[in-house]
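Please consider the structure shown below. The paragraphs that follow lead through its enclosed spaces, its open pocket and its overall form.

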Amino acid sequence: MPAPLANHLLASLPATEWGRFSPLLEPVELPLGKVLYESGATMGHVYFPTTAIVSLLYVMEDGASAEIAVVGNEGVVGIALFMGGETTPSRAVVQSAGQGYRLRAAVIKDEFNRSGPVMHLLLRYTQALITQMAQTAVCNRHHSLDQQLCRWLLLSLDRLKGSELMMTQELIANMLGVRREGVTEAALKLARMGLIRYARGHITVLDRAALEARVCECYAVVKKEYDRLLPHRLAE
């Protein structure tokens, strides 16, 4: 199990606040497909991923879904708890298996209400997350599917070690809110260009520089905002 400080948000806490947090963090396994919270459900914990990636999805009445953001070792899942909402209309699902830590709802709310360094850090993170959500909406409306796939791959890689993702095309299609055939076509296009290799649920990025050259500006906008608001990431 990776140490809690593998999560950049936790690693950014001042020593005093970290001293209060650390004994209360519970290690958790986050297997692929695990639902951390459902739309409208009351949240009992916030989650700090270390090696897992969690997808925040909006789910329609007919069951169709689309990803609005991803959270990995840079952040926290469950911002509605400390923002005062208690619930959210989105669903949080583990899209890449791994580990993380969770903290009880009462603890994170108490820390936030102290109006100290924890509150300011969480508010900066929330601003970065809102930027990712807004940019995702713009990207899904205005950019090609292969560019969206590039953005999704790069955001996922930024939250993992290595260059390989375990992800089926069906799951990617659900994340991007498109048909599976569209993902197949986009993935084959990137594979023919030598950017990725895809086989049996494994996506390996072969040429990250070329992927970054291919992606739309949405990836850079999101990354720049995270780096600006959460400077600890620059040192990683």
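The predicted model holds 3 cavities of 30 Å³ or more; on a 1 Å grid over the protein atoms alone, a cavity is a set of points where a 1.4 Å probe fits but cannot get out. Points are joined across faces, edges and corners, and a volume is the space filled by probe spheres set on them. The largest cavity encloses about 40 Å³. Its lining residues (an atom within 4 Å of a point) include Leu9, Phe21, Phe48 and Ile108. Helix 5 (117-142) and helix 1 (8-11) each give two or more residues to this lining, and helix 5 supplies the largest share, 3 residues. The lining divides into 9 nonpolar, no polar and no charged residues; Ala, Val, Leu, Ile, Met, Phe, Trp, Tyr, Cys and Pro count as nonpolar, Asp, Glu, Lys and Arg as charged, and the others, Gly among them, as polar.

A pocket, by contrast, is an open set with protein on both sides within 12 Å along at least five of seven lines. The largest pocket has a volume of about 230 Å³. Among its 11 lining residues, Thr50, Asn73, Arg159, Leu160 and Lys161 are the closest to its centre. By class, this lining comprises 3 nonpolar, 4 polar and 4 charged residues.

As for the whole chain, 50% of its 236 residues are buried, meaning under 20% relative accessible area (1.4 Å probe, protein chains only). The C-alpha trace spans about 50 × 40 × 30 Å along its principal axes.

Residues are numbered from 1 along each chain as its sequence is written. In this predicted model, local features need pLDDT of at least 70, side-chain atom pairs count only at pLDDT 80 or more, and totals for chains, interfaces and linings use all residues, while side-chain values use heavy atoms, with hydrogens and water left out.

Technical notes:
Helix = DSSP H or I, 4+ residues; strand = E, 2+ residues; numbered from the N terminus.
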